[in-house]
Amino acid sequence: MKYNKLFAIVMATSLSATVFAESEKDENEIMSADSINVVQASQLNMDNGVIPIADDRGFTLQSNDGNFVFKPYLYLQSTLSYRYYDDEGLDKAYNQDNVANSGFAMNYAIIGFTGKAFGKIDYNVSVNAAASGGNILQQAWIDYAAMPELRFRVGKFKTPFTHAYLTTLGETLFPTLPTSLTAQAILPYSLNAVTPGIGTGFDLGVEMHGLIWGKFGYEVGLWNGTGSAQNGATKGISDDNHLPSLLYAGRVTFQPKGAMPMTQGNPKLLHEDKMLFGLSANYNNEAESESTNDFRAGFEFAMLKNRWYVGAEAYYMHIGFTKREKIDDSYNYWGGYAQVGYFVHRQVQLGLRYDFYDRNGTGKDGILNMPAASVNYFIPKTNIKLSAMYQYIGRTGHATQLDRDLDDLGICTHMAQLMLQYAF
């Protein structure tokens with residue numbers, strides 16, 4: 001018994017030393033490559049949505065033939081925010097302050113593991129301890145590759161709509177997504193179930209996707225359409241068109257210089273030359289608790305050129321009420337953004353973004369315009385990213401002062417934020 005215990009201890013120590021040595025060797029190779037900026041995007045598989053599978057952060061267990069890969073990871077994101085709201089909508093009689101929703105926040109505390117199996121399957125499971133309800137399960141999926149041009153993904157993962165959401169979580173130019181994707185549209189009906197937004201994000205479903213000839217990408221599939229907060233099967237059959245009440249979504253891309261990494265700036269990728277053009281659309285059949293049918297469409301462009309990153313998107317949403325609501329009106333919304341980032345130093349990236357949103361619909365005049373600036377600092381050899389940003393919410397073109405006041409309800413006029421991000 002003593003010999004068995006001693007043998008187990010020796011084997012565990014040997015295995016640990018081997019893993020550490022391989023990890024240390026890989027890290028030295030990456031750091032050496034990073035020092036001359038020659039790391040290629042092909043080395044970083046960013047499909048898991050949080051950190052690249054083949055990333056040098058932490059350690060990775062891999063079989064000799066490369067068919068099996070296991071990578072545990074940790075992702076933390078903490079912010080300090082200041083938000084100032086205009087007087088519209090505030091009741092001073094109840095001591096409502098202009099400064100609200102400010103202070104410290106833990107947006108993400110993700111623990112997960114990702115990797116490959118049998119040379120044909122990618123997998124990823126992650127939980128966000130900072131979330132609540134169904135959002136605690138951030139994602140969980142397997143991806144089977146019949147061939148590089150034909151893959152199937154099942155589980156909870158990102159829906160194929162908008163480059164901003166599809167970018168790897170820790171690789172964004174700004175700490176926050178464009179407001180035009182996250183703010184709820186304004187409808188002139190007090191239906192609590194109808195709170196549509198343009199962004200779709202994570203959801204449960206199945207997808208067929210692939211990259212043809214290394215340039216043409218496609219994604220098409222079905223999702224619940226209930227978003228990331230719901231992990232159960234709650235849908236039925238539409239009364240209007242007698243189809244399953246699901247989210248039907250698709251996206252096609254053209255990447256003329258090879259697969260575009262899902263990043264908006266990485267200090268290890270300062271000699272890339274990639275470009276992406278994309279079109280996407282989805283139809284959420286009986287969305288918002290059987291109240292509306294929502295159609296969305298979008299165009300996206302992204303480019304990495306040495307130290308430069310350029311991205312731009314435009315998107316459209318049509319809201320049509322179901323027959324049971326007995327409302328004949330329909331509403332249309334559009335928005336978009338353009339942003340640019342540049343590494344002024346190997347570890348310092350500056351960013352500018354102009355975001356706009358026709359939040360009150362095309363039936364009324366006026367849009368929100370939201371310029372923002374950011375700076376990102378990547379602390380060498382620590383996996384820490386520090387970000388700072390400022391955004392201003394402007395309003396223009398409204399027919400009346402009341403329309404102007406209503407358009408930005410619930411959205412702060414001034415927002416400043418500091419973010420600390422750590423990934424292992």
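Buried here means under 20% relative accessible area, so F301, at 18%, counts as buried. That cut-off is worth keeping in mind for what follows, since the structure is a predicted model and burial comes up in most of the picture.

F301 has an aromatic partner. The two rings of F277 and F301 sit 5.2 Å apart, centre to centre, with 45 degrees between their planes, which makes the pair tilted. Strand β10 (residues 273–286) holds F277, while strand β11 (residues 292–305) holds F301, and the 24 residues separating them let the pair link distant parts of the chain. Unlike F301 with its 18%, F277 comes out as partly exposed, at a relative accessible area of 32%.

Strand β11 also carries E300, and this residue is buried, with just 1% relative accessible area. What does the side chain of E300 join through a polar contact? The partner is the side chain of R251, at 2.9 Å. Once neighbours within four places in sequence are set aside, E300 is in contact with T162, H163, R251, L276, F277, G278, A312 and E313. F277, then, turns up twice: as a contact of E300 and as the ring paired with F301.

Just past β11, in the loop between β11 and β12, comes N306. This residue is not a glycine, yet its phi is positive, at about 55 degrees. N306 is partly exposed, with 36% relative accessibility. Another non-glycine residue with a positive phi is K381, near 60 degrees. K381 belongs to the loop between β15 and β16 (384–392) and is exposed, its relative accessible area being 69%.

On to the aromatic rings in general. A pair of such rings is described by how far apart the centres are and by the angle between the planes. The model has 12 aromatic pairs in total. One of them is F68 with F118, an edge-to-face arrangement at 5.0 Å between centres and 65 degrees between planes. F68 sits in the loop between β1 (61–62) and β2 (69–84), and F118 in the loop between β3 (103–117) and β4 (121–128), so this pair ties together parts that lie 50 residues apart in sequence. How accessible are the two rings' residues? F68 is partly exposed at 37%, whereas F118 is exposed at 60%. A further aromatic group is the cluster made up of F70, F113 and Y123.

Charges over rings show up as well. The charged end of R353 is placed over the ring of F174, 4.3 Å from the ring centre. R153 lies over the face of F157, with 5.7 Å to the centre of that ring.

The strands around F68 and F70 are worth a look too. β1 and β2 pair antiparallel, over 2 bridges, and L61 stands opposite F70 of β2. Their hairpin leaves 6 residues between the strands, and there G66 adopts a positive phi near 80 degrees. β2 also runs antiparallel to β3, to which it is joined by 13 bridges; K71 stands opposite T114 of β3 in this pairing. Which other strand does β2 pair with over 10 bridges? That is strand β18 (residues 414–423), again in the antiparallel sense. Within β18, A423 is the bridge partner of Y75.

Finally, the nonpolar interior. In soluble globular proteins, nonpolar side chains tend to be buried together. The largest nonpolar core here counts 21 residues, and I198 and Y333 have the most contacts inside it. At least two residues of this core come from each of β12 (308–321), β13 (330–345) and β15 (367–379), with β12 giving the most, at 4 residues. As for I198, its touching residues, not counting those up to four places away in sequence, are F161, S180, L181, R296, Y315, M317 and Y357. A second, separate core has 12 residues, F174, L276, A302 and C412 among them. Two of these names have appeared before: F174 is the ring under the charged end of R353, and L276 is one of the residues in contact with E300.

Note on methods:
Residues numbered from 1 in each chain as written. Predicted model: local features only at pLDDT ≥ 70, side-chain atom pairs only at ≥ 80, totals over all residues. Heavy atoms only, no water. Phe/Tyr/Trp six-rings, centres within 6.5 Å; stacked < 30°, edge-to-face > 60°. Buried < 20%, exposed > 50% of the residue type's maximum accessible area, 1.4 Å probe, protein only. Lys NZ or Arg CZ within 6 Å of the ring centre and 35° of its normal. Polar contact = N/O pair within 3.5 Å; in protein donor to acceptor, adjacent residues only side chain to side chain. Contact = heavy atoms within 4.5 Å. Core = buried A, V, L, I, M, F, W, Y, C linked by side-chain atoms within 4.5 Å. Pairing = 2+ DSSP bridges.
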